[in-house]
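Colleague: Hi, could you walk me through this model? I'd like to go piece by piece.

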Amino acid sequence: MTHASDDSGKRKIAFLGTGLMGAPMVRRLLGAGFSVTVWNRDRAKAEALSSDGANVASTPAEAASAADIVISMLTNAQAVGQVLFDMGTAEAMRPGAVVIDMSSIAPPFARAHAEKLATRGIRHIDAPVSGGVVGASSGTLAIMAGGDASVITELADVFAPMGRVTHVGPDGSGQLAKLANQQIVAVTIGAVAEAMMLIEAGGGSPAAFRDAVRGGFADSRILEIHGKRMIDRQFAPGGSSANQLKDLDAVMATAKALSLTLPLTEAVHAEFTEFVAKGNGETDHSALLLHLEDRNARPGGKR
């Protein structure tokens, strides 16, 4: 492991997962004066942060061994479980240390991880984020935190460089809030796409429609950003349809466990399922417009 000097006096952080979101989050923490040791499966992505002042570890356990706080930003629940428990990270951590899992995983996995870590005297906060790479880079992420409120308060200086943290409830509640966030995103994308189709089919201009409703009750970040993607027909992924479907799958599983019927979410889940099954998983989730156009036999591109 390479070492950088640390005279900040701040708690030491291990950051596991330095991909598209993780890397800018690490830079925010380094900029705030924290000593950060990084690990990534693809070591080159971790090494890229050494010039920003990060230490680079060869294993997650090595990164965590001297850390007061371990932050994970990994692909899915399987990856989080593997890194924390199968790769020796939890064993390497000191009792009293904290795991902040900022990955997006289903609530039952977050609760299970919290329980397993507690047996080792390690505290756990599930804190998924919304705001994308732009939010990660600018430190404006919405951070939805589940777990002990006093621990979240204790970690306020750690969360602050990355964004705005809100304590949502007990273990798993942060992940539940993230699922609800993704639920709103998906349903709203579907609503915007259908509205665009309605306007165009009736002879109106989708671009003019988008401008016309700005500032009204139908305005939203989805209309602003994804509505423009639909108008420009630019569907390179910011958030992929495959990831949107993964989140909707988790929403539906959670709803079933809670004996809830969510008809709007069920409908958009079915559309994303079909869209991804046709090989469109790596298109942006706003590209659901293409699927709805196909269902209506309306070839795209005519404005």
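Modeller: Happy to! One term to begin with: two strands pair if DSSP finds at least two bridges between them. Helices (H or I, at least four residues) and strands (E, at least two) are DSSP runs, numbered from the N terminus. This is a predicted model, where local features need pLDDT of at least 70, side-chain atom pairs count only at pLDDT 80 or more, and totals for chains, interfaces and linings use all residues. Residues are numbered from 1 along each chain as its sequence is written, and side-chain values use heavy atoms, with hydrogens and water left out.

Colleague: Great. How many helices and strands are there in the protein chain?

Modeller: The protein chain has 15 helices and nine strands.

Colleague: Which strands does S8 pair with?

Modeller: Strand S7 (residues 129-130) runs antiparallel to S8, with two bridges joining them. Val129 has Ile143 of S8 as its bridge partner. S8 also pairs with strand S9 (residues 163-169), in the parallel sense and over six bridges. There, Met144 is matched with Thr166 of S9.

Colleague: And why is S8 largely enclosed?

Modeller: Strand S8 (residues 141-146) has five of its six residues buried, so the rest of the structure largely encloses it. Buried means under 20% relative accessible area, exposed means over 50%, and partly exposed is in between (1.4 Å probe, protein chains only).

Colleague: Switching to H1, how many of its residues are buried?

Modeller: Seven of the 10 residues in helix H1 (residues 22-31) are buried, which leaves the helix mostly covered. They are Gly22, Ala23, Pro24, Met25, Val26, Leu29 and Leu30.

Colleague: What do those buried residues pack against?

Modeller: Their partners are strands S1 (12-16), S2 (35-39) and S4 (69-72), helices H7 (132-138) and H9 (156-159), and S8. Contact here means heavy atoms within 4.5 Å. After H1 comes Gly33, with a positive phi near 95°.

Colleague: Which residues other than glycine have a positive phi?

Modeller: Two to look at are Arg233, with phi near 55°, and Ser259, with phi of about 60°. Arg233 is in the loop between H12 and helix H13 (241-257), while Ser259 is in the loop between H13 and helix H14 (263-280).

Colleague: Are those two buried or exposed?

Modeller: Arg233 counts as partly exposed because its relative accessibility is 22%. Ser259 counts as exposed, at 66%.

Colleague: H12 came up there. Where does Ile222 lie, and what is it in contact with?

Modeller: Ile222 lies in helix H12 (residues 221-232), and it counts as buried because its relative accessibility is 12%. Leaving aside neighbours within four places in sequence, Ile222 is in contact with Val185, Thr188, Ile189, Val192 and Gly227. Ala186 is 36 residues from Ile222 along the chain, and their C-alpha atoms are separated by 9.4 Å.

Colleague: Last topic, the chain as a whole. What is its radius of gyration?

Modeller: The protein chain has 21 Å, which agrees with the value near 19 Å for a compact globule of 303 residues. That radius is taken over C-alpha atoms, and the globule rule is 2.2 Å times the number of residues to the power 0.38. Along the principal axes, the C-alpha atoms fill a box of roughly 65 × 45 × 35 Å.

Colleague: And what share of the residues counts as buried?

Modeller: Of the 303 residues, 47% count as buried. Among contacts between residues at least 6 apart in sequence, 65% join residues at least 24 apart.
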